[in-house]
Amino acid sequence: MTLVIKNGDVIDPASKTSMPLDILIEGEHIARIGKDLSGDELFDASGCVVCPGLVDIHVHFREPGFESKETIASGSRAAARGGFTSVVTMPNTQPPIDNGGMVEFVNRRARETACIKIWPAAAATKGRAGAEMTEMAELKAVGAVAVTDDGDDIASSRVLRRCLEYADMCGLTYLGHCEDASLVEGGAMNAGLNSTKLGLSGMPKAMEEIAVDRLMRLAEMTKSKVHVCHVSSAGSVEIVRRAKARGIRVTCETAPHYWTLTDDAVTTFNTNAKMNPPLREEEDVAAIKTGIKDGTIDCIATDHAPHTPTEKDVEFDYAPFGIVGLETSLGLVITELVEPGILTLERAVEMMTSAPARILELPAGKLEEGKPADIAIFDPKAEYTVDPAAFLSRSRNTPFAGRRLRGLVKATLCDGRFVYRAP
Amino acid sequence: MTTATENEQRVWTRKDLIGLEDLSRDELEMILDTAPQFLAVSQRESGIKKVPVLQGRLVVNWFYEPSTRTRTSFELAAKRLSADTLTMNADVSSSKKGETLHDTLYNIEAMHTDIVVIRHSAAGAPRILAERHSSHIINAGDGAHEHPTQGLLDAFTIRQHVRRTRDDPQAGLDGLRVAIIGDIAHSRVARSNVWGLTKLGASVVLCGPRTLLPGAFSKLGADVTSDLCEAIEGADVIYLLRIQLERQGKCLFPSIREYIRLFRIDNESLKAAKKDVLIMHPGPINRDVELSTEVADGPRNVILEQVTNGVAVRMAVMHLLVNKPRVAV
């Protein structure tokens, strides 16, 4: 049984391919990429981009512990609907993924229930408590692809330094959630004019930038490889840009809300615009776009952070941080980065496939004969309205409800099987 | 300056009162112009201090934060309008575990409420309620966001004083200078007053330690300084905020002693002010902290008039929200 995807524009950034080609799939693998191919079954991809399955190296699937928000099963279906075939799950579950057994649990649940590939990140410190480092060699051996205490930073510079050294020895990249939480008491949104008007406790950009700067200095000192998560401010972009120029082994990601929204989205006390780091200001949005364009920002991640409607339907101060992102990410990339000319379509695909895969050395994000057929097929011109009720995620917490976007996923294949087909 | 004809009327349209940021100058003046008739009700020497404006209506005072002054003022306002009143003192810590804010209000509304007066420690709580529920919501203070009826009663008190001293029943706040002194950062009263007073034509200078005075306030249309002399020089009104003693130990100012040294209003610091400057305070006052006893008991303060006017202004707000009367210009 073979399947051929015909008439699509194949974009494979890893091989610098961007041309009309057919893809022949045999079983789980890509058999051939070429012209005028035929097979038993046909998928007509006319007008569509055919690219490697998208890769998101920052998602929260909440299992174990918070299954009412999301599970590995539901999160993977949401990912597939967004065109993703590989995601890196964060370890801030309950209990946290801080030992080999927990990584194996995630791998088992992924095997049993996920329709796409789940690559677990493990905690950098035991219990994510920021005091003692985890058994990183064992974590690596059972399949963890990175270490991070994401959700919290490691407050102690001594502990962070040792984690960087040890993780690097184990061949694991440290993912930095950069936040100097000691800078404020409370903190619900970006500190600025809007927080002053609203009377909400502000989180200054310096909270993030102090921590990014500290991470750069420790990465330089320890010669370790680090990745900065969810960069949101102009200052952070500049710090990473300078670090790269100095030769520090750093990469970074940003998320769609940081180039599409400012803290104006909070002025109605909309808890679906509450996340950490918080939405910033116009100058930051502009700097994020510049960083995306000039390559300072290496890849797009979603920081998909599901919370139930009940948890979010409360006073702003009491609402948890985070928004879902897997089912809107591609549309926000196409509509807000590609169409305005900030990124070419090829470069946009790269920032969602081979670039993130390369950061964590995942066997994903490219189209190769003889390799797994992980493929996304999307129509870059097709317009749609974001409808949270249609999400396959268990949660609905998006600030993009009702937004008109272009870039609609038509189908997603993982290991040669359709894991999503547009209705 | 145009002279209004008697036929000109304004109509109140809002369902709720959430903040003074939302209101136009016209709306602010409608409230201030509606208040005197209710002040007269409270001041009746003989006869019944009551009008049947909200007879048969239910006003719920729903307080998530301890309050004596504001709660009793609203309660009295509702009673003088002949409404039935219900007071609910809720505890934020237990509410966080149990029923959601919306669910609690659905339960209250099942008793057919007309007005819900809410005070809450979380900014935005009244606003999210107003958007979803049919009751008239009055914000009685939400976190550090707004305390609109306080701002209104303050503007009313200043206007009343100006009209009396100038013997001009049409006088307004235009051209007045108001200095607000204290913990600006955490103050919903300061925010509501900045919106209210500046819209009514006054200029506002905010003064306090840098740690309690975020620079962004200058973008709200107020001047900002940490120099008390500079703030009160030329001011027509000095408005003191209560300094929360529990803020000590949070590294916002070193001690009450040092706060007093820099920011207390007493006869000494008042030498920099106009002789007829008005002293105001939302209460409750900390004697000898933000103001000295001689000033607190002195002839320039209208602190108790603020309390009296508070009832009248809250009566006016309730009347406007529920009855949407036409108000003559």
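Analyst: A helix axis here is a line fitted to C-alpha atoms over the stretch in contact, and angles run from 0 to 180 degrees between N-to-C directions. The model under discussion is predicted.

User: At what angle do the axes of helix 1 and helix 11 of chain B cross?

Analyst: At roughly 120°. The two axes, of helix 1 (residues 25-42) and helix 11 (residues 303-323) of chain B, come within 7 Å.

User: Why are helix 1 and helix 11 of chain B called oblique to each other?

Analyst: Take the crossing angle of roughly 120°. Roughly perpendicular covers 65 to 115 degrees, roughly antiparallel needs over 145, and roughly parallel needs under 35. None of these classes applies, so the oblique class is what remains under the rule. Helix 1 and helix 11 of chain B are therefore oblique. Their crossing is right-handed.

User: What makes the contact of helix 1 with helix 11 of chain B, by residue class?

Analyst: Twelve nonpolar residues, four polar ones and no charged ones. Helix 1 of chain B contributes residues including B:Met30, B:Ile31 and B:Phe38. From helix 11 of chain B come, among them, B:Val311, B:Met315 and B:Leu320. Met, Ile, Phe, Val and Leu all count as nonpolar. B:Thr34 and B:Ser42 of helix 1 and B:Asn309 and B:His319 of helix 11 also take part.

User: What makes strand 3 and strand 5 of chain B edge strands?

Analyst: Each pairs on one side only. They belong to an open sheet of four strands in chain B, with the order 3-2-4-5 and parallel pairing. Strand 3 spans 84-89 and strand 5 spans 136-142. Neighbouring strands of this sheet are turned by 15° against each other on average, direction ignored.

User: How do you know that strand 2 and strand 3 of chain B pair?

Analyst: Count the bridges. Strand 2 (residues 58-63) and strand 3 of chain B share six, in the parallel sense. A pair requires at least two, so the condition is met. In this pairing B:Val59 stands opposite B:Thr85 of strand 3.

User: On to chain A. Why do strand 6 and strand 15 of chain A stand at the edges?

Analyst: Each has a single partner strand, so one side of each is left without a neighbour in the sheet. The sheet is open, has eight strands and runs 6-7-8-9-10-13-14-15 with parallel pairing.

User: How do you know that strand 13 and strand 14 of chain A are joined?

Analyst: Three bridges join strand 13 (residues 226-228) to strand 14 (residues 250-254) of chain A, and the two run parallel. The threshold is at least two, so they count as a pair. A:Val226 stands opposite A:Val250 of strand 14. Helix 2 (residues 100-113) of chain A packs on the sheet, touching strand 7 (84-89) and strand 8 (117-122). The direction of helix 2 makes about 165° with that of strand 8 of chain A.

User: Why is A:Arg241 called partly exposed?

Analyst: A:Arg241 has 18 C-beta neighbours inside 10 Å. Buried takes 20 or more and exposed takes 12 or fewer, so a value in between is partly exposed. A:Arg241 is found in helix 7 (residues 234-245) of chain A.

User: What makes A:Asn7 and A:Asp36 notable in phi?

Analyst: Most residues other than glycine have a negative phi. A:Asn7 has phi near 70°, and A:Asp36 has about 50°. Both values are positive, and neither residue is a glycine. A:Asn7 lies in strand 1 of chain A, whereas A:Asp36 sits in the loop between strand 3 (29-34) and strand 4 (41-44) of chain A.

User: Are A:Asn7 and A:Asp36 buried, partly exposed or exposed?

Analyst: A:Asn7 has 16 other C-beta atoms within 10 Å, so it is partly exposed. A:Asp36 has 8 such neighbours and counts as exposed, because the limit for that class is 12 or fewer.

User: Which proline follows A:Glu63 through a cis peptide bond, and where is that proline?

Analyst: A:Pro64, with omega near 10°. A:Pro64 is in the loop between strand 6 and helix 1 (72-81) of chain A. A cis bond also joins A:Asn276 and A:Pro277, with omega about 0°. A:Pro277 lies in the loop between helix 8 (257-260) and helix 9 (282-294) of chain A.

User: How many residues of chain A are in contact with chain B?

Analyst: 15, and they meet 23 residues of chain B. The chain A side holds seven nonpolar, three polar and five charged residues.

Methods: Residues are numbered from 1 along each chain as its sequence is written. Chains are lettered from A and ligands numbered from 1 in the order in which they are written. This is a predicted model: local features need pLDDT of at least 70, side-chain atom pairs count only at pLDDT 80 or more; totals for chains, interfaces and linings use all residues. A crossing is left-handed if the near helix is turned anticlockwise from the far one by less than a right angle, and right-handed if clockwise. Two residues are in contact if their C-beta atoms, placed from the backbone, lie within 7 Å.
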